[in-house]
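Me: I should like to learn how to read a pocket, a sheet and a single residue in a protein model. May we take them in turn?

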Amino acid sequence: MTVYDIAIVGGGPAGLSAALTARVHNKSVILFEAAGFSDKLRRAHRIDNYPGIMTISGPDFMDQLLEQTLAYEPTIAKERVQSVFIGAPFTIMTDENVYQAKSVILATGVTMSKTVPGERALLGRGVSYCASCDGHFFENKDIAVYINTLAYQQDVELLASLAKTINLYIGGALQLPAEWLAALPASVVVHKRAIVNSVVGEQKVTAIETNEGTKDVDGVFFLRDSCPPENLVEGVVLEGTSVAVGRNMETNYKGLFAAGDVAGTPLQVAKAVGEGQMAAFSAVAFASLN
């Protein structure tokens with residue numbers, strides 16, 4: 001199995017900045033990105049506060065940064081990372097494959113919706129973040145699905161082909177295409193203004209609590225714009241909901257770094273780009289010694 005020098009989880013400004021810097025230093029890089037290279041920033045009409053650029057749209061900024069980074073030929077894996085296991089080397093598991101790297105940079109962005117009570121306790125016992133991994137366990141069963149990004153439309157379709165019924169909860173300001181919603185089978189009930197407040201169950205999921213009341217389900221899939229870091233890397237130390245990092249973007253695990261929104265406020269593009277570069281410098285140094 002190929003062992004990359006650096007694995008980067010996330011393809012937003014921090015992740016692309018880290019990949020660019022690492023490749024300039026001639027390190028082998030694999031970058032995991034399955035959400036369209038910052039779906040959130042691509043919705044920004046304009047960016048006015050990036051030093052050196054008077055005004056630019058979010059899509060134009062990301063397209064230029066992506067083009068610049070790809071010119072240095074990092075390996076791009078359009079796969080969602082499910083888990084990062086600490087070791088020498090690190091092991092990175094996606095929906096489809098297993099990878100290894102000497103060092104890892106978390107640049108997953110911020111999870112706009114927080115975990116809810118019962119979610120972490122029942123992970124693997126009815127709570128899932130991966131439709132392709134766990135969907136078959138819920139064939140002909142009643143499930144709930146929470147989605148807050150367009151990147152997971154195919155996942156919803158997969159679950160709809162397996163489950164008996166789906167209660168679909170749409171998070172935040174997400175606007176799903178009307179024609180796509182209309183094409184879903186009758187077994188999918190769409191809740192456009194409902195909020196999932198908690199997951200209920202002792203040994204396994206039995207229900208969810210929402211602002212519309214209690215809904216009995218056999219399982220619930222949280223398909224968010226990014227995975228909460230504590231679920232991605234077991235034991236990573238947090239400050240609030242952000243990954244705790246030092247001056248060189250190091251976490252509590254040697255060889256594991258974090259940059260951008262996942263490392264805390266302010267949630268600014270310039271901060272993300274700078275931290276991505278700093279994390280890459282640290283990962284390059286670590287990979288060179290290991």
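**Reading a predicted model**

Reply: Let us start with a pocket, bearing in mind that this model is predicted. The lining of the second largest pocket comprises 26 residues, and those nearest its centre are Leu 123, Gly 124, Arg 125, Val 127 and Asp 134. Two or more lining residues come from each of strand S4 (81-85), S7, helix H3 (131-134) and helix H6 (229-232).

Me: Which element gives the most to the lining of the second largest pocket?

Reply: That element is S4, with four residues. Sorted by class, the lining has twelve nonpolar, six polar and eight charged residues. The volume of this pocket is about 590 Å³.

Me: What is the order of the strands in the open sheet of five strands?

Reply: The order is S7-S14-S8-S9-S10, and the pairing is parallel. S7 and strand S10 (188-191) form the edges, since each pairs on one side only. Within the sheet, strand S8 (residues 142-147) pairs with strand S9 (residues 165-170) over six bridges; Ile 147 has Ile 170 in S9 as its bridge partner. Helix H4 (residues 153-162) lies across S8, S9, S10 and strand S14 (219-223), at about 175 degrees to S8.

Me: Is Thr 108 buried or exposed?

Reply: A residue is called buried when its relative accessible area is under 20%. Thr 108 has a value of 18%, and is therefore buried. Thr 108 is located in the loop between strand S6 (98-106) and strand S7 (127-128). Beyond its neighbours within four places in sequence, Thr 108 is in contact with Val 9, Ser 226, Leu 232 and Val 262.

Terms used
Residues are numbered from 1 along each chain as its sequence is written. This is a predicted model: local features need pLDDT of at least 70, side-chain atom pairs count only at pLDDT 80 or more; totals for chains, interfaces and linings use all residues. Side-chain values use heavy atoms; hydrogens and water are left out. Buried means under 20% relative accessible area, exposed over 50%, partly exposed in between (1.4 Å probe, protein chains only). Contact means heavy atoms within 4.5 Å. Two strands pair if DSSP finds at least two bridges between them. Axes are lines fitted to C-alpha atoms, for helices over the stretch in contact, and angles run from 0 to 180 degrees between N-to-C directions. On a 1 Å grid over the protein atoms alone, a cavity is a set of points where a 1.4 Å probe fits but cannot get out, and a pocket is an open set with protein on both sides within 12 Å along at least five of seven lines; lining residues have an atom within 4 Å of a point. Grid points are joined across faces, edges and corners, and a volume is the space filled by probe spheres set on the points. Ala, Val, Leu, Ile, Met, Phe, Trp, Tyr, Cys and Pro count as nonpolar, Asp, Glu, Lys and Arg as charged, and the others, Gly among them, as polar.
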